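Me: I should like a close look at a single part of this molecule, the enclosed space inside it and the elements that surround it. Please set out the answer as one connected account.

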Amino acid sequence: MTIDIVTLFPEMFENFLNTSIIKRAITKELVKINIHNLRDYSNYKNKQVDEYPYGGGAGMVLMCEPVFNAVEALKKENTKVIMTTPSGITYNQDTAINLSKETHLIILCGHYEGFDERIRTICDCEISIGNYVLTGGEIPAMVITDSVTRLINGVISKESLISESFNNGLLDYPNYTKPEVFKGMKVPEVLLSGHHQKIDEYRHSEQVKKTNELKNK
Ligand code: ADE
């Protein structure tokens, strides 16, 4: 899987690519993540990428030309082009699973007042990571890249992914580790019993309880 991210702020990705599981996945060549500066695709001498909107209005809009240039330069036969925008479909685990089956993603990070409308014609999908407005598409691009990368074969243990896929829309069960008693709070007895069937039953009932509690909040 290759992920090409087109952004006005490549420096935002430095720590992201050099930390923990993402760094390891890159080192093990399970994923290739390339960061591209949108300004490098501008045909203007001053590397301009944005302009005032026709008809007036607040802020600046990302122009067609640099974005089209970037996509045309990076696109391959089986590429999925993603636009990050607060008006896109809301991102969830099912979308992450579907994207993890692709071989090549291009993620376009929005900025300012968004994209020239005509850029939509070269995108396969528009993704929002939630109903709030961020200053740009860099954090959404990291969210998508992180959630997709961890689903790629070999990035995290099969056991972790299997237990997630068996969640069937339920929240995770609560986990405990050493010590058995901390500030008077005890680890549930059943988890110390070594009785695997009882542990599974306990965990399932906790998942149902937690999920119902959240629904009723
Ligand atoms: N750009 C600004 N806010 C966003 C959001 N919530 N999701 C995706 N892209 C965005």
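Reply: The largest cavity is lined by Val-6, Thr-7, Leu-38, Leu-62, Val-67, Leu-108, Cys-109 and Phe-115. The model is a predicted one, and every value below is computed from it. The space in this largest cavity comes to about 40 Å³, and the count of cavities of 30 Å³ or more is one. Rolling a probe the size of a water molecule over the atoms is what reveals empty space of this kind. In character, the lining of the largest cavity divides into seven nonpolar residues, one polar residue and no charged residue.

Two of the lining residues, Val-6 and Thr-7, belong to strand β1, which covers residues 2-7. Six of the six residues of β1 are buried. In a regular strand, side chains alternate between the two faces of the sheet. Both faces of β1 are covered: on one side Thr-2, Asp-4 and Val-6 are buried, and on the other Ile-3, Ile-5 and Thr-7 are buried as well. For this reading, buried means under 20% relative accessible area.

How is β1 held between its neighbours in the sheet? The sheet is open, has five strands in the order β2-β1-β6-β5-β7, and is paired in the parallel sense. β2 (32-37) and β7 (125-128) are the edge strands; each has a single partner strand, so one side of each lacks a neighbour in the sheet. Neighbouring strands are turned by 30° against each other on average, direction ignored.

The pairings can be followed strand by strand. β1 and β2 run parallel and are joined by six bridges, with Thr-2 having Lys-32 of β2 as its bridge partner. On the other side, β1 pairs with β6 in the parallel sense over five bridges, and Asp-4 stands opposite Ile-106 in β6. Strand β6 comprises residues 104-108, and Leu-108 is one of the residues that line the largest cavity. β6 in turn pairs with β5 (residues 79-90), again in the parallel sense and over five bridges; there Lys-80 stands opposite Leu-105 of β6.

Two loops that adjoin β2 contain unusual backbone angles. Most residues other than glycine have a negative phi, and most peptide bonds are trans. Glu-29, in the loop between α2 (20-27) and β2, has a positive phi near 60°. Glu-29 is exposed, with a relative accessible area of 70%. Lys-47 lies in the loop between β2 and β3 (50-51), and its phi, near 65°, is positive too. At 35% relative accessibility, Lys-47 is classed as partly exposed.

Elsewhere in the chain, the peptide bond from Lys-178 to Pro-179 is cis, with omega near 5°. Pro-179 sits in the loop between α6 (158-165) and β8 (181-182).

Helix α5 (residues 138-149) adds a further covered element to this account: nine of its 12 residues are buried. Among them are Pro-140, Ala-141, Met-142, Ile-144 and Val-148, together with Glu-138. The expected span of the 12 residues of α5 at 1.5 Å a residue is 16 Å, and its end C-alpha atoms are 16 Å apart, which agrees.

Methods: Residues are numbered from 1 along each chain as its sequence is written. This is a predicted model: local features need pLDDT of at least 70, side-chain atom pairs count only at pLDDT 80 or more; totals for chains, interfaces and linings use all residues. Side-chain values use heavy atoms; hydrogens and water are left out. Two strands pair if DSSP finds at least two bridges between them. Helices (H or I, at least four residues) and strands (E, at least two) are DSSP runs, numbered from the N terminus. Axes are lines fitted to C-alpha atoms, for helices over the stretch in contact, and angles run from 0 to 180 degrees between N-to-C directions. The expected span of a helix is 1.5 Å times one less than its number of residues. Buried means under 20% relative accessible area, exposed over 50%, partly exposed in between (1.4 Å probe, protein chains only). On a 1 Å grid over the protein atoms alone, a cavity is a set of points where a 1.4 Å probe fits but cannot get out, and a pocket is an open set with protein on both sides within 12 Å along at least five of seven lines; lining residues have an atom within 4 Å of a point. Grid points are joined across faces, edges and corners, and a volume is the space filled by probe spheres set on the points. Ala, Val, Leu, Ile, Met, Phe, Trp, Tyr, Cys and Pro count as nonpolar, Asp, Glu, Lys and Arg as charged, and the others, Gly among them, as polar.
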